[in-house]
Amino acid sequence: MTLPTIEELASQLEAVSGAQEVSPDAPLQHIADVDSLDLMEWLYGFQNQYPHIPADESLFADLDDTTTLRHVYERILALVPQPAQA
């Protein structure tokens with residue numbers, strides 16, 4: 001299964017939250033219409049769509065005024081299981 005792009009994740013968060021725009025580089029806590037419940041709903045959708053990636057609420061554990069979707073995306077990439085080497 002392919003990984004989502006950061007743009008796809010931003011679009012999914014827009015759909016869940018109703019935000020006009022979610023820029024990958026905008027601090028999540030400063031995006032109008034995006035709150036913690038939206039992030040959890042987005043995470044639930046992500047977990048269902050990509051069950052092979054062990055993402056959980058720890059993605060947002062140290063969310064502060066500087067945390068962006070790009071930071072979260074980097075955390076997701078770090079969780080992607082790597083293929084076994086022969």
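**Notebook: a look through a three-helix chain**

**Entry 1: salt bridges**

I started with Asp 62, which forms a salt bridge with Arg 75; their closest N and O atoms are 3.1 Å apart. Asp 62 sits in the loop between helix 2 and helix 3 while Arg 75 belongs to helix 3, so this pair ties together parts 13 residues apart in sequence. A reminder to myself that the model is a predicted one.

I then looked up how open the two partners are. Asp 62 comes out at 49% relative accessibility and counts as partly exposed. Arg 75 is partly exposed too, with a relative accessible area of 26%.

How many salt bridges are there in the count? I get two. The other one I noted brings together the side chains of Arg 70 and Asp 25, at 2.5 Å from N to O. Arg 70 is in helix 3 and Asp 25 in the loop between helix 1 and helix 2, so the pair ties together parts that are 45 residues apart in sequence. For Arg 70 I have a relative accessible area of 33%, which makes it partly exposed. Asp 25 is also partly exposed, at 48%. As a general note, side chains of opposite charge can pair when their charged atoms come close.

**Entry 2: Thr 68**

Next I moved to Thr 68, in the loop between helix 2 and helix 3. Is Thr 68 buried or exposed? Its relative accessibility is 7%, and the cut-off for buried is under 20%, so Thr 68 counts as buried.

I wanted to know what Thr 68 touches, leaving aside its neighbours within four places in sequence. The contacts are Pro 24, Asp 25, Ala 26, Pro 27 and Leu 28. Asp 25 is familiar from my first entry, as the salt-bridge partner of Arg 70.

**Entry 3: aromatic rings**

I went through the rings and found three aromatic pairs in the structure. One of them joins Trp 42 and Phe 60 edge-to-face, with 6.2 Å from centre to centre and 70 degrees between the planes. This pair links distant parts of the chain: Trp 42 is in helix 2, and Phe 60, 18 residues apart from it, is in the loop between helix 2 and helix 3. I checked both for burial, and Trp 42 and Phe 60 are each buried.

Which residues do the ring pairs link into a cluster? I wrote down Trp 42, Phe 46, Tyr 50 and Phe 60.

**Entry 4: a backbone oddity**

Asp 33 caught my eye with a positive phi of about 75 degrees, although it is not a glycine. Most residues other than glycine have a negative phi. I placed Asp 33 in the loop between helix 1 (6–17) and helix 2 (36–49).

**Entry 5: the whole chain**

Last, I stepped back to the overall picture. The protein chain has three helices and zero strands, and reads α-α-α along the sequence. Its radius of gyration is 13 Å, close to the 12 Å that the globule rule gives for 86 residues, so the chain is as compact as a globular protein of that length. Along the principal axes, the C-alpha atoms fill a box of roughly 45 × 20 × 20 Å.

I also noted that 34% of the 86 residues count as buried. The accessible surface comes to about 5300 Å², and 52% of that belongs to carbon and sulfur atoms. Among contacts between residues at least 6 apart in sequence, 58% join residues at least 24 apart. The salt bridge between Arg 70 and Asp 25 is handy to keep beside that figure, with its partners 45 residues apart.

Definitions and conventions
Residues are numbered from 1 along each chain as its sequence is written. This is a predicted model: local features need pLDDT of at least 70, side-chain atom pairs count only at pLDDT 80 or more; totals for chains, interfaces and linings use all residues. Side-chain values use heavy atoms; hydrogens and water are left out. Helices (H or I, at least four residues) and strands (E, at least two) are DSSP runs, numbered from the N terminus. Rings of Phe, Tyr and Trp (its six-membered ring) pair if their centres lie within 6.5 Å; planes under 30 degrees apart count as stacked, over 60 as edge-to-face and the rest as tilted. Buried means under 20% relative accessible area, exposed over 50%, partly exposed in between (1.4 Å probe, protein chains only). Contact means heavy atoms within 4.5 Å. The radius of gyration is taken over C-alpha atoms; the globule rule is 2.2 Å times the number of residues to the power 0.38. Accessible areas come from the Shrake-Rupley method with a 1.4 Å probe; for residues, only the protein chains shown count as cover. A salt bridge is a side-chain nitrogen of Lys or Arg within 4 Å of a carboxyl oxygen of Asp or Glu.
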